[in-house]
Amino acid sequence: MPKIIIENLSITVDYNPAISLLNNFHILKIPINSRCGGRGNCGTCRFQVLEGRKFITPLDTMEKFRLTEDEIAQGWRLSCQSHALRDLRIIIPDPNEENTD
Ligand code: FES
């Protein structure tokens, strides 16, 4: 199974590549916001990829709408719209410091 290193939480977890990263985070009880329930509308399930961008599914329309060009360039993605196949190293923002734009 591929692994995700969540740098800011100092944890490494195995994840299921058959489901979205958001669903993996929920199953693994990793705190992350998901105000719209995974429909790609709220942008609160974002995470930043530090290593492994090429192993994540291409940006979809909802991500291009919810994320700025700068955020995309910095590796931000929406976890509800993302699937991955290999090991990743990421940052998940503190759910208490939610991005509400
Ligand atoms: S949960 Fe709302 S955009 Fe991902």
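Which residues of strand β5 (residues 88-91) are buried, and which are not?

## Alternation along β5

In this predicted model, local features need pLDDT of at least 70, side-chain atom pairs count only at pLDDT 80 or more, and totals for chains, interfaces and linings use all residues. Residues are numbered from 1 along each chain as its sequence is written.

L88 and I90 of strand β5 point to one face and are buried (20 or more other C-beta atoms within 10 Å of the residue's own, with C-beta atoms placed from the backbone). R89 and I91 point to the other face and are not buried. In a regular strand, side chains alternate between the two faces of the sheet.

## Partners of β5

Strands are DSSP runs (E, at least two residues) numbered from the N terminus, and two of them pair if DSSP finds at least two bridges between them. Strand β1 (residues 3-6) runs parallel to β5, joined by three bridges; here I5 stands opposite R89.

Strand β3 (residues 46-51) pairs with β5 in the antiparallel sense, also over three bridges. In this pairing Q48 stands opposite I91.

## The sheet

The five strands form an open sheet with mixed pairing, in the order β2-β1-β5-β3-β4. Its edge strands, β2 (11-14) and β4 (76-78), each pair on one side only.

Definitions and conventions
A residue is buried if 20 or more other C-beta atoms lie within 10 Å of its own, exposed if 12 or fewer, and partly exposed in between; C-beta atoms are placed from the backbone. Helices (H or I, at least four residues) and strands (E, at least two) are DSSP runs, numbered from the N terminus.
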